[in-house]
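Me: I'd like a close look at one spot in this model, followed by a walk outwards from there. Keep it informal and explain the terms as you go, please.

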Amino acid sequence: MAQNELEQTRLRLSEASAIRARSVAQADTLERNLKAGNWNAIGGSIASPVVAQLRATVAAISTEMAQLSRQYGPKHPRIVELQGRLNEANSSLQQEIRREINGVREAAQVAVEQEGALRAMITRMEGSYATMQEQAIPLRTLESEATAKRQLLDSLLGRLEEVEAQKDSRAFPAAVKLVSAPQVPHEPSGPFRVLLLLAGFVAALALAIFSVFGLELLQRRIHTPDAVRRILGVGTVHIVPHHSDRGAKGRLYKIFQRHPFSLFSESLRALFRNHLSDLGPVGALAVTSARPQDGKTSLTLAVAQVASQAGRRVVVVDTDFRRSRMEGLFDLSTKKGLSDWIAGDATLDEIVHTSDDVPFAMVPAGKLNPMTLDRFNVDSLVQLMAGLSPSFDLVVFDTAPALAVSDARIVCGAASKVLFVTRWGHTTASDLDAVADLGPIDHSKFVCVMTDVNLKKAASKGYQGPYNSYVATRKYYGDQTLRAAP
């Protein structure tokens, strides 16, 4: 086992060395181009959607200036305006490229440190392996002696049993007295087969009836994606597996930070890339559920964490005025929030807050008052998103449950995408029926997610769905060293 572990660590060192070489080479190339001032070469080698968009903007402005320069002079108002826009775009492009270069430098430094840690681990493991080899020699000697003594003891015990049996056979036959002659029975005294078959039939019938009623009762809880698709009529249901982390207390964004390579984190990345990455330069995402405690707020913060680490500038807006969880999680109860902005008592800059624990900004719900509920509509949300668009690429709305109040339907109508959350084994079929009765679902922007799925339990109980394939995938991610962030 120690030798296999050593070989695996050496293989990981080879992979880490390759990653380090690529990262350092990329960082050196970017550094050289930065010193030479070759911004076009730097921008072409950085795979960032923001850089690509800024380069396209610079190219479009340059093309338009070249066309207008054929008709007007350099002091024409239109030429001057385009020159200003071009300077601003170039400044933004250079700033974004510097930020990306800093990210590449940090990644190269992390790769170098990881390679050094693996080399130190291999050195310690080689020393431990040599010590184990020295200690194994006396252990094998003791094992051989113990085996020989065990065989000798078994032989002596067998011989003792034979001697005792011979003593008993010689001592007791003379003292035996026959009381009555044995009689051979003509029919068996039991068991009563007909009675036992009848009792077994009755017991099996009762068990079957209770099992049918029990399964019917349990099936009211949603355990399969097929049930969600059948009731809501959606095409796909994304699965987010359960992750056991007692210290997180339901904060999925902390689980994503602590275990970035777990199956849970990979499912969140797949959710963002497959369904939420096409929102455009500035998009709005509404996260809602049918009932409370479905994990809506936790998934909202986790999606914001994933989008922020993917390079998006994210702000989370809490629209659950009655039962806000973000204020308690980030100690924002004394801060101004969305209700203050709707009432006209605060500006956008005053209601946007940040925290050292998360890489995204937050807008708390604020204090609940009748004026907030009366003025809360689609137009106010459109105005809010327009005010936030210069500073943020993605606005994530944490809404109230759709069946509780009408606020969630207002937010879903204004958002570009709607993330509907169902919790495995908690959301019921009646809840989904009630959501379907609210009105037709816009499938072009409706994304359904089933969270907190216990993959092992679902696969063992035979629920229909992709649970077996998920459990098989877990073996691929079973290396515990990948569960902690470097």
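Reply: Asp226 sits in helix H6 (residues 225-232). Helices here are DSSP runs of H or I with at least four residues, strands are runs of E with at least two, and both are numbered from the N terminus. At 35% relative accessibility, Asp226 counts as partly exposed. That label covers the middle range: buried is under 20% relative accessible area and exposed is over 50%, worked out with a 1.4 Å probe and counting protein chains only. The C-alpha atoms of Asp226 and Val237 are separated by 8.4 Å, and these two residues are eleven apart along the chain.

Keep in mind that this is a predicted model, where local features need pLDDT of at least 70 and side-chain atom pairs count only at pLDDT 80 or more, while totals for chains, interfaces and linings use all residues. Residues are numbered from 1 along each chain as its sequence is written, and side-chain values use heavy atoms, with hydrogens and water left out.

Now for the inside. The largest nonpolar core has 48 residues, and Val228, Leu232, Val317, Leu338, Leu384 and Phe397 touch the most other members. A core, in this sense, is a set of buried Ala, Val, Leu, Ile, Met, Phe, Trp, Tyr and Cys residues joined through side-chain atoms within 4.5 Å. Leaving aside residues up to four places away in sequence, Phe397 touches Ala284, Leu285, Val317, Leu384 and Val411, among others; contact means heavy atoms within 4.5 Å. There's also a second, separate core of 35 residues, including Leu271, Phe272, Val447 and Val449.

Val317 brings us to strand S3 (residues 314-318), where five of the five residues are buried. Both of its faces are covered, with Val314, Val316 and Asp318 on one side and Val315 and Val317 on the other. S3 runs parallel to strand S5 (residues 394-398), and five bridges join them. Two strands count as paired if DSSP finds at least two bridges between them. Val314 has Leu394 as its bridge partner in S5. S3 also pairs with strand S4 (residues 361-363), again in the parallel sense, over three bridges. There, Val316 is partnered with Met362.

Next up, charges. The structure holds eleven salt bridges, each being a side-chain nitrogen of Lys or Arg within 4 Å of a carboxyl oxygen of Asp or Glu. In one of them, Asp407 meets Arg322 at 2.7 Å, N to O. Asp407 lies in helix H15 (residues 407-414) and Arg322 in the loop between S3 and H10, so the pair ties together parts that are 85 residues apart in sequence. Asp407 is buried, at 6% relative accessible area, whereas Arg322 is partly exposed at 39%.

Helix H4 (residues 77-171) gives a more local example: Arg78 and Glu81 are three residues apart there, so about one helical turn separates them. Their side chains form a salt bridge of 3.2 Å, N to O, and together with Glu64 they are linked in a network of salt bridges. Arg159 and Glu162 also lie in H4, three residues apart, and their salt bridge is 3.1 Å, N to O.

Last stop, a few loops. His426 lies between strand S6 (417-423) and helix H16 (429-437), and at 16% relative accessibility it counts as buried. Not counting residues up to four places away in sequence, His426 touches Arg221, Arg291, Pro292, Gln293 and Asp294. Of those, Gln293 is worth a pause: its phi is positive, about 60°, although it is not a glycine. Most residues other than glycine have a negative phi. Gln293 sits in the loop between strand S2 (283-289) and helix H9 (296-309), and it is exposed at 63% relative accessible area. Asp331 likewise has a positive phi, near 55°. Asp331 is in the loop between helix H10 (326-330) and helix H11 (338-342), and it is exposed too, at 58%.
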